[in-house]
Amino acid sequence: FQIQTINGLGSKSWFGGIGAGIDSYRLRGIPLFADIRKTFGHAKNKLFVYGDAGIHFNWATDKEKNATGVRDEISNGLYLDGGLGYHISINNSNALLISLGYSCKKITDRTPVIYYYPLNYYPTIAGVYPPQESQTNKLNYSLNRISIKLGWEF
């Protein structure tokens, strides 16, 4: 499920704006993006293409983190969306928008891993415990989907 709002200005067949929303695909987040739209034709009902690019801010729930094995830090990442749609005019100031698109969000999970050596692995000198090594596991998610959107323009 995804919900968005896009606000901006249009001139002739072009529209440009800034959008934000809530995107719960795989790991919940808040996309903040620039939107560009181009309509074709002069009829009331017309085709359009759109493209969005911005940042996907992490807002994953604890349940999502546990289900995916994420234990530590999920970074903000890239958000892209683009597609083709149809603008259906209802009256002079309202329209229904239906679109089919493809979106991608890229995020990274960094989880620290600490290795503990057994006590008999290194000789203990005056109560000094064996050394610990740590590293960070890095998982890159590229979450892709095809979406159908229904919108209202006013």
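Which strand gives the largest share of the lining of the largest pocket? Hold on to that while we walk through the chain, keeping in mind that this is a predicted model.

Let's start with the overall build. The protein chain has 1 helix and 8 strands. Follow the sequence from its beginning and you meet four strands, then the helix, then four more strands: β-β-β-β-α-β-β-β-β.

Now for how the chain packs. It has 154 residues, and 31% of them count as buried. Take the contacts with a separation of 6 or more: 57% of them join residues 24 or more positions apart. On the outside, the accessible surface comes to about 10,200 Å², with carbon and sulfur atoms accounting for 61% of that.

Next, the empty space. Rolling a probe the size of a water molecule over the atoms shows where such space is left. Here, the largest pocket has a volume of about 1,000 Å³. Its lining takes in 38 residues, and Ile6, Arg37, Leu97, Gly151 and Trp152 are the ones closest to the pocket's centre.

Where does that lining come from? Strands E1 (2–11), E2 (14–23), E3 (29–40) and E4 (46–58) each supply at least two residues, and so do E7 (95–116) and E8 (132–153). That brings us back to the opening question: E1 gives the largest share, with 10 residues.

As for the character of the lining, its residues split into 15 nonpolar, 15 polar and 8 charged.

Technical notes. Residues are numbered from 1 along each chain as its sequence is written. This is a predicted model: local features need pLDDT of at least 70, side-chain atom pairs count only at pLDDT 80 or more; totals for chains, interfaces and linings use all residues. Side-chain values use heavy atoms; hydrogens and water are left out. Buried means under 20% relative accessible area, exposed over 50%, partly exposed in between (1.4 Å probe, protein chains only). Contact means heavy atoms within 4.5 Å. Accessible areas come from the Shrake-Rupley method with a 1.4 Å probe; for residues, only the protein chains shown count as cover. On a 1 Å grid over the protein atoms alone, a cavity is a set of points where a 1.4 Å probe fits but cannot get out, and a pocket is an open set with protein on both sides within 12 Å along at least five of seven lines; lining residues have an atom within 4 Å of a point. Grid points are joined across faces, edges and corners, and a volume is the space filled by probe spheres set on the points. Ala, Val, Leu, Ile, Met, Phe, Trp, Tyr, Cys and Pro count as nonpolar, Asp, Glu, Lys and Arg as charged, and the others, Gly among them, as polar.
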